[in-house]
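Got your viewer open? Load the model below and we'll walk through it one selection at a time.

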Amino acid sequence: MHMGKVVNNLLQLNQIHKVFNEGTPDEKTALHEIDLHLKPGDFMTVIGSNGAGKSTLMNMISGKLVPDMGEVLVDGKDVTLVKEHKRSRLIGRVFQDPMAGTAPAMTIEENLAIAYARTAARGFRKGVSRKRRDFFQSHLEMLHLGLENRLSAKVGLLSGGERQALSLLMATFTEPKILLLDEHTAALDPARAELITSLTKEIVEKYKLTTLMVTHNMQQALDLGNRLIMMDKGQIIFETNEEEKKDLTVEKLLEEFQKIRGEKMNSDKAILI
Amino acid sequence: MPTAIFGSIEAGAIYALMALGVYLSFRILDFPDLTVDGSFVTGASVAAVMIVGGYNPFLATMTALLAGFAAGCLTGLLHTKGKINALLSGILMMIALYSINLRIMGKSNVPLLSEETSITKLTAFWQGLGVDQAIESLFGALGMSFVPKTWGILLLMLVLAFAVKVLIDLFLKTDIGLAIRATGDNETMIRSFSADTDLLKIAGLGISNALVAFSGALVAQYNGFSDVGMGIGMIIIGLASVIIGEAIFGAKTIVRATLAVIGGAILYRVIVTLALRVEFLETGDMKLITAVIVIGALILPKLFQQQKEKQRKRRRLAEAKKMNAYGKSGEQFAAIKSDS
């Protein structure tokens, strides 16, 4: 009945609206009727100053927050009211804090087993079987950190960079429908951040993951992904497609922001460049 | 004296089940669960009332275990769904259970001395095997005069404690077990990996209190009565067992930690028995002794650590001084060396 084949959106946000502390003097519109569509394989970077609504947007998709209005669709299914833990079967997530994505008192292989078991209901199967261990080992090699030889080391003993690399692997190796990266390099030193950025690129390309990445680093936002949006005060104020993004520079982005908002990016400017 | 210590090891093996339960809530779930004071008695009362009512004592013990599971789940529900602070939800359940336990028993004390219990049944079964005589003759040959009534309860209870320990070890390595451990370790993380942390906490507290009630039921049958006050301070005894065990036997892996908890539970009973032998201490001082033991077990390792650090610093300082002296008189040393 349709004319031609329509590519379905893997992630679709329709008119998402969220107000915090409604009816009090602290009332704040965190998201203002946001529309967002990601096609399979899209890698979108999200930039914007503090309080622009980036984190709220992520929490809407992961299910940590429920919108006041609007709907969230993953792979065509309405998940607006689906609880966070159920939704996380479809959605992988890496947090800003390198400590947040792994369990420190448990071993590397146990952490990977937890991530591996995310796709279905958990049962009484042995978490780290021999077969799974081989699987974990081959994936850890991809990180080039030698972690494949330290399977039974407690994760709490790893450095921040190693933990974030492990978090990234754990969030992705079950090939989730959507990957959310929440400023996942912001808390690392420049060398480690560089490593995680290149690993991100490698892994996302390998699994062709549909990805949404929030970042404070404009250069990173330009280097990674095929689409870019800029947020401010709960709205998407600027969006580029694949072609436009290739010619974009940090200077042009800042110019764009000033043109739209008619004001200078003040304190954030220093952070953003 | 040997008889008293033998008795304390026997009791320790039974209390080890309770300590394993406390280990699950306190260490694995990171949940200081005070329900224990109530659920221990719930186990004892359910078992006692059923035994007096003529039920099979093993069935009574299993029912007690289920009652403990229910009590633990309720605490979990209060905490996760009612969003009540962890400590407070445990205390609330503890207080509520006090009345419930009185209701179950109908009075404050149910004697079991004239009843056939799991313990008397097991003793009879053991004595039928004739192992006691064999051990006795062995001891006689070695010239030892110590003869307990039976070895059966000690050995069977140790086997039971170890069986439960192994089951816990295996369970904590399954997919569900790993998720429960992660819930106590990093809740944000495990929720982002599709685990329902509320459900895991409820189940974990249920299992923990099932073990506590199991232990309570056996202790009632071992002591020959169930009393509404027998659970007071039980959580502290459980913590003492966990902390002493971990301090002495180590807790590097789960397998090691659960073994340490059993060792700690037995050791705790032995320490209390020995302490009560001191002339100026009375039975009523037991809770005070327990508190002192726990405080000691919590503070001493830290003091040792500080002491070690100080020594290390002092040694390094002394070494640095020596090196300085060495550097100044370096030429002399060189001269001597070249001479030789």
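Before the first stop, a working definition: two residues are in contact if their C-beta atoms, placed from the backbone, lie within 7 Å. Keep in mind as well that this is a predicted model.

**Stop 1: chain A on its own.** Select chain A and hide the rest. Of its contacts with a separation of 6 or more, 68% are between residues 24 or more positions apart. Switch to cartoon and you should find 10 helices and 10 strands. Turn the C-alpha trace along its principal axes, and the span is about 60 × 50 × 45 Å. Why call that a compact globule? A chain of 273 residues folded that way would have a radius of gyration near 19 Å, and chain A has 19 Å, so the two agree. Colour by burial next: 43% of the 273 residues in chain A come out buried.

**Stop 2: where A touches B.** Bring chain B back and select the contact. Chain A puts in 25 residues, and chain B puts in 19. On the chain A side, look for α2 (84-87) and α3 (108-116), each supplying at least two residues. Which of the elements gives the most? That's α3(A), with 4 residues. Colour this side of chain A by class and you get 10 nonpolar, 6 polar and 9 charged residues.

**Stop 3: chain B, zoomed out.** Now show chain B alone. Colour 2-277 as domain 1 and 305-339 as domain 2. Draw a line between the C-alpha centres of the two domains, and it runs 55 Å.

**Stop 4: a helix pair in chain B.** Select α11 (residues 234-249) and α12 (residues 254-277) of chain B; they pack at an angle of about 115°, with their axes 7 Å apart. The crossing of α11(B) and α12(B) is right-handed. Put side chains on: residues of α11(B) including B:Ile237, B:Ile244 and B:Phe249 meet residues of α12(B), among them B:Leu259, B:Val261 and B:Tyr268. Sorted by class, this contact has 13 nonpolar, 4 polar and 2 charged residues.

**Stop 5: B:Asp169.** Finish by centring on B:Asp169, which sits in helix α7 (residues 152-171) of chain B. Is B:Asp169 buried or exposed? Neither quite: there are 17 other C-beta atoms within 10 Å, so B:Asp169 counts as partly exposed. Setting aside neighbours within four places in sequence, B:Asp169 is in contact with B:Ile254, B:Val255 and B:Thr258. Take the B:Val255 pair: 86 residues apart in sequence, yet 5.9 Å apart in space, C-alpha to C-alpha.

Definitions and conventions. Residues are numbered from 1 along each chain as its sequence is written. Chains are lettered from A and ligands numbered from 1 in the order in which they are written. This is a predicted model: local features need pLDDT of at least 70, side-chain atom pairs count only at pLDDT 80 or more; totals for chains, interfaces and linings use all residues. Axes are lines fitted to C-alpha atoms, for helices over the stretch in contact, and angles run from 0 to 180 degrees between N-to-C directions. A crossing is left-handed if the near helix is turned anticlockwise from the far one by less than a right angle, and right-handed if clockwise. Ala, Val, Leu, Ile, Met, Phe, Trp, Tyr, Cys and Pro count as nonpolar, Asp, Glu, Lys and Arg as charged, and the others, Gly among them, as polar. Domain bounds come from an automatic or database domain assignment. The radius of gyration is taken over C-alpha atoms; the globule rule is 2.2 Å times the number of residues to the power 0.38. A residue is buried if 20 or more other C-beta atoms lie within 10 Å of its own, exposed if 12 or fewer, and partly exposed in between; C-beta atoms are placed from the backbone.
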